Amino acid sequence: GWFLRRYDQSSALQFLAFIEALPFRLADVGKNEIAEATEILRRFSDQKLTLVDAVGLVLMHKHKTEWCWSTDNHLGLLGAKVIVHW
């Protein structure tokens with residue numbers, strides 16, 4: 001979304017291709033994660049969080065993520081250090 005809003009469709013797709021080439025493990029998201037994310041949305045109702053933001057927070061907490069690269073400072077709400085590069 002960040003690349004799409006700031007640049008264009010081509011840049012967003014190039015970034016997606018870059019992410020697909022990295023050796024990441026995809027996490028499954030089910031009913032439990034959605035329920036936990038809903039609680040986070042309620043807990044941080046003063047923030048402009050999306051469900052995707054909240055699911056990300058659930059997964060980061062579940063996997064004890066200490067830091068992440070993101071353009072979204074919301075990912076630090078549960079204690080992870082967010083490294084932002086504009």
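This is a short talk on the overall build of one chain and on a group of aromatic rings within it.

Hi everyone, and thanks for coming. Please keep in mind that what you see above is a predicted model.

Let's begin with the whole chain. It holds four helices and two strands, and from the N terminus on, the order is α-α-α-α-β-β. Along its principal axes, the C-alpha trace spans about 35 × 30 × 25 Å. There are 86 residues, of which 24% count as buried. If we take the contacts with a separation of 6 or more, residues 24 or more positions apart account for 28% of them.

Now the surface and the charges. About 6800 Å² of the chain is exposed, and 57% of that comes from carbon and sulfur atoms. As for charged side chains, we have 10 positive and 10 negative, with the centres of the two sets 3 Å apart.

On to the rings. How many aromatic pairs does a search of the whole structure find? The search gives three. One of them joins Phe 15 and Phe 18, with 6.1 Å from centre to centre and 40° between the planes, a tilted arrangement. Both residues sit in helix H2, which covers residues 9–21, and they are three residues apart, about one turn of the helix.

Are these two rings buried or exposed? Something in between, as it turns out: Phe 15 is partly exposed because its relative accessible area is 26%, which lies between the 20% and 50% cut-offs. Phe 18 is also partly exposed, at 46%.

Finally, this pair has company: Phe 15 and Phe 18 belong to one aromatic cluster with Phe 3 and Tyr 7. Thanks for listening!

Technical notes
Residues are numbered from 1 along each chain as its sequence is written. This is a predicted model: local features need pLDDT of at least 70, side-chain atom pairs count only at pLDDT 80 or more; totals for chains, interfaces and linings use all residues. Side-chain values use heavy atoms; hydrogens and water are left out. Rings of Phe, Tyr and Trp (its six-membered ring) pair if their centres lie within 6.5 Å; planes under 30 degrees apart count as stacked, over 60 as edge-to-face and the rest as tilted. Buried means under 20% relative accessible area, exposed over 50%, partly exposed in between (1.4 Å probe, protein chains only). Contact means heavy atoms within 4.5 Å. Accessible areas come from the Shrake-Rupley method with a 1.4 Å probe; for residues, only the protein chains shown count as cover. Lys and Arg count as positive and Asp and Glu as negative; His and the chain ends are not counted. The place of a charge is taken as NZ of Lys, CZ of Arg, CG of Asp or CD of Glu.
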